[in-house]
Amino acid sequence: MTGRRNNRDDRVIDYLRQRGEAPMPARLPAEVIDAAARTPQDNDGQRRATWVTPLLAAAAVMLAVVVTLGGLALVDPQVGDDPTPEPSPSSTVPTMSPSVTPRPSASPDPDPSASASPEATDEPTGVEPGQVLVTVTDDLVVRSAPSTASDSEIYSVRLQPGDLLRVTEGPVEGSGFTWYRGAVLDSSAPDGVREGWVAAADQDGTAWLAAVPGEGDGWRLLGESTSGEPYTVGVATSSDDLPALWADAGISEDLPAIDFQREVVVRYTHAVSGTCPDINLEGIGVDPLDDIVYSVVTLPSSPLFEGQNCTSDARPHAFVVAVDRDQLPDGEVHFRLQRGFIACVDCGRESEEVSVVLP
Amino acid sequence: MGGLDAQRWLEPASTSMERSGGLYSKVRRAQEGDVDAFAELMERHAPELHRLAAAIVGPDDAADATQEALLSAWRQLPGLHNRDSFHPWLRTILVNRCRNVLRDRSRRLSPGVLDFDRGSEPADPGPPVHARVTEQDSLDAAFETLSPDQRALLSLHYTMDLSISESARTLGIRTGTAKSRLSSALAALRAALSPEVES
């Protein structure tokens, strides 16, 4: 029996090895170079790279951008950033809200014939101007008008999971979608901010934007401080873990009372500029597809919030929250500083995520 | 705190890439918009990426996925703050592009409707269908049922000979998770080998 199984393994592995044996078209490199020569590079990531280099003072303005919209500004190979003519989902990352449920991933391209997800999420309701919505899909487009008509220009920016929209107007119905006008970070815009219309959900009601629920909706803020190590996350699943987490956060108050049967405690320590120290914890997001639990923060001083230029000194700001266990995915959960995908390998960002297998 | 962050993000003064053929400087030049430098990098890495794409999404979509991944890399290159990680970074972009291709593909196929449109049916039905199914067909069909992550994992580990931990890092998942997903994916492929085929 064992020999028979090994034989099967060998044949499976042989099959896998030969799957890659397809000749690369000779035209491919030339076509990529032609396209690259016509394609501007995205300088958002450069902002972060220069910000961390002390010799380059130009990074000062960028800090707020990086911290405010981590998913947009970090160095993330996104699941796709090709121009797509319509709002287009490929994964849903609901924030913690009873009205938001997980669904399987979908396509990056609009496809009216595609079947609806059996567990479609709800689009946000009751959204007011000034409210912040979080993107819960890939490659969501921003338009000049609330419709998909040809006179509604598609801007080059693409919203990725975790990217924020500060709502200024809406909702407005158009072309079968519900639209919100708002501001998003866009490196191609003159001042780094693009104002445009974004569809809140597909025509089946699957959310592309989600409201960020406030405290009390599955989580509560236990404390915050301006000390600790930036870009780190800590998790306490029992009373034994809590003192160390509390100390890492640098909070001087007494330890809070936690029912660890019902909650876990998470520390999210962000970095903010010393000249633009304001940071708001908007909510705690849960991505049930990838089992990621992440913080959603905004900086009132960032360009998105019509703020000022910020210096490049990074100061910590820790938030410690208690999250209801029944809001968390089963099994191994990845508590991540922000939703943006950690793409680089061995680049020092591993501390932005802590994985815990919850009993 | 500035020192802390500088230490955290500052790139090493000398790297293995610098010592081996100037790749580090090519990445830096490409980050500054030098298309020629990017072309040199692409020449080195494109064949491997295409091989990986072919393994994950199949030969028909491999060229498009590779092309799109490379162009995406060009756009995002200025943000790569650790030039030593260029190669795995590129690989991650490619895998993400392949995930998109697979998601797109699955969305376009209605549930329960398989894509058997591979040529016209013969006038004579010939021998029973099961007798014409080859081992390759069985494995192809089983591979098509795997999740994008399972396909990527199998391809990274077995086609590209990456370690499990390196494959896991490419996908942004834990090594333990990668092991269990690999195991279930292999089991699915093994099950596709019928006793008749095996004998």
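The exercises below, each with a worked solution, concern a predicted model with chains A and B.

**Exercise 1. A helix of chain A and its two faces**

Find which residues of helix α2 of chain A are buried, and work out how they are arranged around the helix and what they pack against.

Solution. Begin with the extent of the helix, which covers residues 28-38 of chain A, and pick out its buried members, namely A:Leu28, A:Val32, A:Ile33, A:Ala35 and A:Ala36. Next, look down the axis of α2(A): the buried residues fall within an arc of 165°, and therefore they line one face of the helix. Then turn to the face that points away from this buried side, where the exposed residues A:Ala37 and A:Arg38 are found. Finally, ask what the buried residues touch; they pack against two helices of chain B, α4 (35-57) and α5 (59-76).

**Exercise 2. Two helices of chain B**

Describe how α4(B) and α5(B) are placed relative to one another, and name residues through which they meet.

Solution. The description of two packed helices rests on the angle between their axes and the distance between the axes. For α4(B) and α5(B), the axes come within 8 Å and cross at roughly 145°. The sense of the crossing, in which α4(B) passes α5(B), is right-handed. To see the meeting surface, select from α4(B) residues including B:Phe38, B:Met42, B:Leu49 and B:His50, and from α5(B) residues including B:Pro59, B:Thr66, B:Leu70 and B:Trp74, which belong to the two sets that meet.

**Exercise 3. The nonpolar cores**

Determine how many residues the largest nonpolar core has and which of them have the most contacts inside it, and then locate a second core.

Solution. The largest nonpolar core has 64 residues, and those with the most contacts inside it are A:Leu16, B:Phe38, B:Leu154 and B:Leu189. Among the elements of the structure, α4(B) gives the most to this core, contributing 12 residues. A second core, separate from that one, has 26 residues, among them A:Val266, A:Val272, A:Ala314 and A:Leu358. Returning to B:Leu189, and leaving aside its neighbours within four places in sequence, one finds it in contact with A:Val12 and A:Leu16 of chain A, and with B:Leu139, B:Ala142, B:Phe143, B:Leu146 and B:Leu154 of chain B.

**Exercise 4. A sheet with two edges**

Establish the order of the strands in the open sheet that contains β11 of chain A, and explain why β11 and β15 each have one side without a neighbour.

Solution. Four strands of chain A form this sheet, in the order β11-β12-β14-β15, and their pairing is mixed. Since β11 (280-287) and β15 (353-357) stand at the edges and each has a single partner strand, one side of each is left without a neighbour in the sheet. Neighbouring strands here are turned by 20° against each other on average, direction ignored. Within the sheet, β12 (residues 292-298) and β14 (residues 332-336) of chain A pair in the parallel sense over three bridges, and A:Val293 has A:Phe335 in β14(A) as its bridge partner.

**Exercise 5. An enclosed strand**

Decide how far strand β13 of chain A is enclosed, and identify strands that pair with it.

Solution. Count the buried residues of β13(A), which spans residues 314-324: 10 of the 11 are buried, so the strand is largely enclosed by the rest of the structure. One partner is β8 (residues 219-225) of chain A, which pairs with β13(A) in the antiparallel sense over six bridges; there A:Trp219 has A:Val323 as its bridge partner. Another is β10 (residues 263-273) of chain A, joined to β13(A) by 11 bridges and running antiparallel to it, with A:Val272 standing opposite A:Arg315.

**Exercise 6. Two residues to classify**

Are A:Ser156 and B:Gln150 buried or exposed?

Solution. A residue counts as buried under 20% relative accessible area and as exposed over 50%. A:Ser156, which lies in strand β3 (residues 154-159) of chain A, has a relative accessible area of 53% and is exposed. B:Gln150, found in helix α9 (residues 148-159) of chain B, has 15% relative accessibility and counts as buried. Apart from its neighbours within four places in sequence, B:Gln150 is in contact with B:Arg181, B:Ser184 and B:Ala185.

How values were computed:
Residues numbered from 1 in each chain as written. Chains lettered and ligands numbered in written order. Predicted model: local features only at pLDDT ≥ 70, side-chain atom pairs only at ≥ 80, totals over all residues. Heavy atoms only, no water. Buried < 20%, exposed > 50% of the residue type's maximum accessible area, 1.4 Å probe, protein only. Arc of directions from axis to C-beta. Contact = heavy atoms within 4.5 Å. Core = buried A, V, L, I, M, F, W, Y, C linked by side-chain atoms within 4.5 Å. Pairing = 2+ DSSP bridges. Axes fitted to C-alpha atoms, helices over the stretch in contact; angles between N-to-C directions. Left-handed = near helix turned anticlockwise from the far one by under 90°.
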